[in-house]
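Work through the exercises below with the model on screen. Try each task before reading its solution.

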Amino acid sequence: MLLGEQEQFLSYNGEVLLFQLSNTKHMEGAADKTTNLCVRRMAFNRDTKLFVQKSSGAFSMRASHLKIEIICCSCTTDSRTGIILPCILIKKNKRNNVVKYLLLLLHSSNQFEQSFHFKLDYELKEDIRLFTGPSVLWRHANKLFYISSDTCTVLSAPVQLSSVVWTGEIEDEGTVVLGIRTACLPDSEDEDEFSTSDRAIWGSEFFGYAVETQKMLTGTCFMPHAYSRVVSSVYVCKNEILKKQLRISLVAITHKNQLVWFQDGLPKGVCELPYEKPCSVKTAVTSSNDVLFIVSFASGNVCVVQRRDSLQVASKWQKVKSVLVDDFIGSGSEQLLLFFKDDSNTDVLSTFKITDLGEVNYASGINYKHEVPAAEGLQENGFLTVQALETRLQAGYTSVRELQQHLRLKKKVIIESCRALVDLVEERTHTLPTAKEEGLVSLWDDVENPPHSLSKETSLASKVPEHFTEKLWQRVVGDSLIVGVKLTESFYLSLSDVSLSLVVDQNFSSISPIIKCQNKIIKLNKAFSALAVSSCQIEPPPKKMKLDLHGKNDMKKEFPQLNEAKSVIAVTSLSPLLAFHRVCCMVVLHAKKQKRRTDSLQESKKITVLCGKISLSLEDVSNGKYSVKMLKDNNYCTGSLEDILAALAVSVRFSFQIVSSNCTLTPVNSWLLGEMECTPFKECHDNIFCHKAGIVYGTVFKWTLKNPFEGFLTLFCRNLTALFQCLYSLIRILPPSCDVKLLKYGSKSVLTEQLALALEKEILTSRNSFFSKESKAENSLTWGNEPGKRISDAPMASLLDSEEGVQQFRKKLQNEGEESVLSMNQTMNGALYQEISLNIAAAQRSSDMIAWRLS
């Protein structure tokens with residue numbers, strides 16, 4: 001049978017916890033009775049706009065002839081776990097004036113845990129606070145007492161105080177109590193004179209006491225001592241340590257019905273409160289980042305103060321039973337929850353209001369005659385604020401519209417440029433749209449026919465007499481589209497200046513015509529030695545200035561490429577193209593052709609060749625039309641040259657040197673043919689293809705055994721995951737004494753030979769450049785007054801017949817010697833010097849690259 005109830009509200013993680021005490025008898029007429037502490041977890045339902053119960057729990061206590069009360073409840077940190085939990089302080093009145101107190105913790109499972117209990121010979125009535133631990137702090141007979149779950153013993157602080165205005169956490173100090181006491185004037189002269197006179201005038205002062213360290217803090221960092229006579233409650237909004245000084249921002253309510261805002265111990269603003277006897281203040285941060293100060297009064301009234309340019313009362317309510325602050329609607333910001341007194345309704349949660357003084361406003365069962373509207377000044381300020389926001393919104397919309405128009409114009413220019421490029425490649429005449437078609441007004445007379453010179457240059461640029469392409473093919477590997485062009489044997493241009501472009505057919509105007517792709521060049525000689533040159537190849541750190549001003553040197557002249565099949569390959573993502581179901585692309589080959597000018601400098605000429613068109617459809621890809629087909633036939637891997645090139649194009653090359661000091665390396669070949677299920681290509685038995693299911697499928701291996709104890713393993717893997725799986729499988733079959741070393745580019749013997757050739761070429765280039773200079777200087781030497789005539793042109797015999805001839809020959813010989821000496825200091829033509837510098841720098845850069853690979 002229900003005899004009586006007590007209620008307490010608490011907000012926790014967006015929920016409302018309703019604590020109730022109920023007394024029940026076991027049997028009719030029995031003396032023993034049990035008191036239950038019940039908790040109901042209530043959550044706000046935004047659909048029904050009502051609070052619904054999520055769960056509940058209870059804690060039973062024997063209460064024979066005892067009176068049990070809920071003293072207070074709060075959310076505190078459990079020092080054992082660091083988790084914030086609801087905490088409830090319960091009082092039991094016993095005989096002989098002994099009062100027992102229980103401190104309970106509520107867990108997420110709705111189970112209550114008794115943290116500790118203690119007994120006193122008096123009742124707690126003044127300044128009761130719960131804080132981290134959990135701990136309980138109170139004031140009695142102008143003394144400060146506290147007890148925590150760690151000690152379970154009541155301790156007394158060595159301070160005398162008349163009131164406690166705030167308890168909370170301060171950085172580097174822990175739990176701090178801010179109180180007011182009778183002024184204690186110092187005897188020393190080191191104390192601040194203003195603080196001393198302030199305390200002497202008012203007779204009281206603020207002080208801070210750190211509970212854990214038992215340390216006294218200066219009260220003037222909170223507020224001036226002049227406010228110690230009037231302040232009743234404080235809320236510290238922010239505290240931090242800056243430059244070893246404590247900086248504090250707080251608000252305080254006074255007995256004069258004022259709310260005062262303090263910053264670093266100085267008052268920054270004040271607001272008159274609408275009701276008398278304010279008792280507590282708390283804060284809320286709304287969705288618009290506004291800080292609201294909620295002031296509760298002893299009469300049951302509540303008001304909200306906003307801090308913008310100044311402190312102003314934004315709203316106020318009467319007959320409020322309780323006010324909570326939390327994120328009740330799950331919006332990520334805080335709101336106010338007000339429960340109103342309603343004698344006609346027994347359900348305490350039936351009359352409430354949720355608001356943040358902005359967009360959030362939920363109410364149920366409220367008698368609106370008790371709500372006082374906001375001040376007229378705030379309404380006017382709100383109207384002006386809305387007008388300013390509307391103006392800013394309109395200006396922002398105009399800017400966005402101008403940006404969109406600018407982007408449309410840029411897109412139109414890009415598409416028109418791509419169309420002109422396509423027409424140039426296909427040797428069609430491109431006609432630009434007129435100003436009228438573009439919606440523009442021409443500032444001069446339109447010329448119907450373009451100038452003759454422009455059309456002539458266009459036609460000359462589109463004519464490319466060379467035929468460098470032999471075959472166009474395409475393959476699909478995973479999510480990559482591989483397009484390849486096989487070059488003819490007559491292709492003698494530098495491979496470093498060759499690339500492919502994929503241009504989408506102009507019928508697809510909704511996408512960018514140029515497809516982003518990565519170019520690779522693969523050369524296959526008769527020995528099937530594959531070398532993939534990627535556009536993102538790693539280079540060594542620069543050691544010399546690169547003087548390549550007019551294009552790169554011809555690779556064919558550097559390394560002869562006889563008996564080699566050369567293919568240019570473009571790799572691009574397949575998914576964006578399949579989004580259009582069927583797409584057609586033109587394949588364009590770009591190259592540079594070098595020619596010599598009269599001043600011995602090289603001039604590069606760009607060449608553009610249309611290789612053909614490719615079509616791609618989702619149906620063909622699904623049917624595997626362009627898939628790479630590597631089948632087994634009589635222990636050999638059958639696949640076309642295009643399939644091999646496609647597999648290499650999407651792979652990354654890694655080379656390893658394997659050295660065994662104690663055992664031979666015969667298990668490597670067995671591992672490749674056995675566990676890795678590899679079969680050699682018909683074209684070359686040294687290169688084998690992996691047929692093992694999984695991520696390693698498609699890996700190409702080449703195993704070269706230098707001697708029984710040393711070999712080189714080259715892998716073409718699709719990604720690093722496949723490489724790691726191959727190495728993990730390889731290490732398991734190798735002897736423990738084997739040493740596996742990663743080579744940057746190929747085997748050491750090949751790189752050594754290449755380095756020798758490069759150094760030889762560097763020496764030859766320097767020598768040829770020197771002799772070229774000497775020959776050109778020698779050809780430029782002439783006799784002083786007879787240009788073009790040399791000593792050797794004069795008949796020597798006629799000069800030696802007479803004494804005068806001998807003297808003349810001696811004089812000419814002396815002049816020739818002087819001119820030879822002058823030729824040693826002869827200046828060089830700038831173009832010749834530039835050519836020599838470029839040749840020497842290119843040779844040195846090539847040798848440096850190979851030396852870095854070998855290191």
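**Exercise 1. Place Asp172 and decide whether it is buried or exposed.**

Step 1. Start with the place: Asp172 sits in the loop between strand 13 and strand 14 (174–182).
Step 2. Keep in mind that this is a predicted model.
Step 3. Take the backbone angle. Phi of Asp172 is near 70°, a positive value, and the residue is not a glycine.
Step 4. Apply the cut-off: exposed means over 50% relative accessible area. Asp172 has 65%, so Asp172 is exposed.

**Exercise 2. Do the same for Asp264: find its loop and its exposure class.**

Step 1. Asp264 belongs to the loop between strand 19 (258–263) and strand 20 (266–272).
Step 2. Its phi is positive, about 55°, although Asp264 is not a glycine.
Step 3. Partly exposed covers the range between under 20% and over 50%. With a relative accessible area of 26%, Asp264 is therefore partly exposed.

**Exercise 3. Explain why Ser163 counts as buried, then list its contacts beyond its neighbours in sequence.**

Step 1. Locate Ser163 in strand 13.
Step 2. Buried means under 20% relative accessible area. Ser163 counts as buried because its relative accessibility is 19%.
Step 3. Set aside the neighbours within four places in sequence. Ser163 is then in contact with Asp127, Arg139, Gly179 and Ile180.

**Exercise 4. Find the loop of Pro134 and describe the peptide bond that leads to it.**

Step 1. Pro134 lies in the loop between strand 9 and strand 10 (135–140).
Step 2. The peptide bond runs from Gly133 to Pro134. Its omega is near 0°, and the bond is cis.

**Exercise 5. Describe the second largest pocket: its volume, its centre and its lining.**

Step 1. The volume is about 2,000 Å³.
Step 2. The lining has 50 residues, and the closest to the pocket centre are Cys73, Ser74, Ser280, Val281 and Lys282.
Step 3. Look at the elements that give two or more residues to this lining. Among them are strand 1 (5–12), strand 5 (67–77), strand 9 (126–131), strand 13 (163–170) and strand 21 (278–285).
Step 4. Sort the lining by type: 25 residues are nonpolar, 16 polar and 9 charged.

**Exercise 6. Which residues touch the most other members of the largest nonpolar core?**

Step 1. This core holds 26 residues. Leu481, Leu500, Leu574, Val587, Leu589 and Leu616 touch the most other members.
Step 2. Elements giving two or more residues to the core include strand 31 (480–487), strand 32 (499–504), helix 5 (575–578) and strand 38 (602–617).
Step 3. A second core, of 24 residues, is separate. Val696, Ala722, Leu723 and Cys726 are included in this second core.

**Exercise 7. How many residues of helix 7 are buried?**

Step 1. Helix 7 spans residues 641–649.
Step 2. Of its 9 residues, 8 are buried, and the helix is mostly covered.
Step 3. The buried ones are Glu642, Asp643, Ile644, Leu645, Ala646, Ala647, Leu648 and Ala649.

**Exercise 8. Summarise the whole protein in numbers.**

Step 1. Count the elements: 13 helices and 46 strands.
Step 2. Of the 855 residues, 40% are buried.
Step 3. Take the contacts with a separation of 6 or more. Residues 24 or more positions apart account for 53% of them.
Step 4. The exposed area is about 48,600 Å², and carbon and sulfur atoms supply 52% of it.

Key: Residues numbered from 1 in each chain as written. Predicted model: local features only at pLDDT ≥ 70, side-chain atom pairs only at ≥ 80, totals over all residues. Heavy atoms only, no water. 1 Å grid on protein atoms, 1.4 Å probe; cavity = no way out; pocket = protein on both sides within 12 Å on 5 of 7 lines; lining within 4 Å. Points joined across faces, edges and corners; volume = space filled by probe spheres on them. Helix = DSSP H or I, 4+ residues; strand = E, 2+ residues; numbered from the N terminus. Nonpolar A, V, L, I, M, F, W, Y, C, P; charged D, E, K, R; others polar. Core = buried A, V, L, I, M, F, W, Y, C linked by side-chain atoms within 4.5 Å. Buried < 20%, exposed > 50% of the residue type's maximum accessible area, 1.4 Å probe, protein only. Contact = heavy atoms within 4.5 Å. Areas by Shrake-Rupley, 256 points an atom, 1.4 Å probe, with all protein chains shown as cover.
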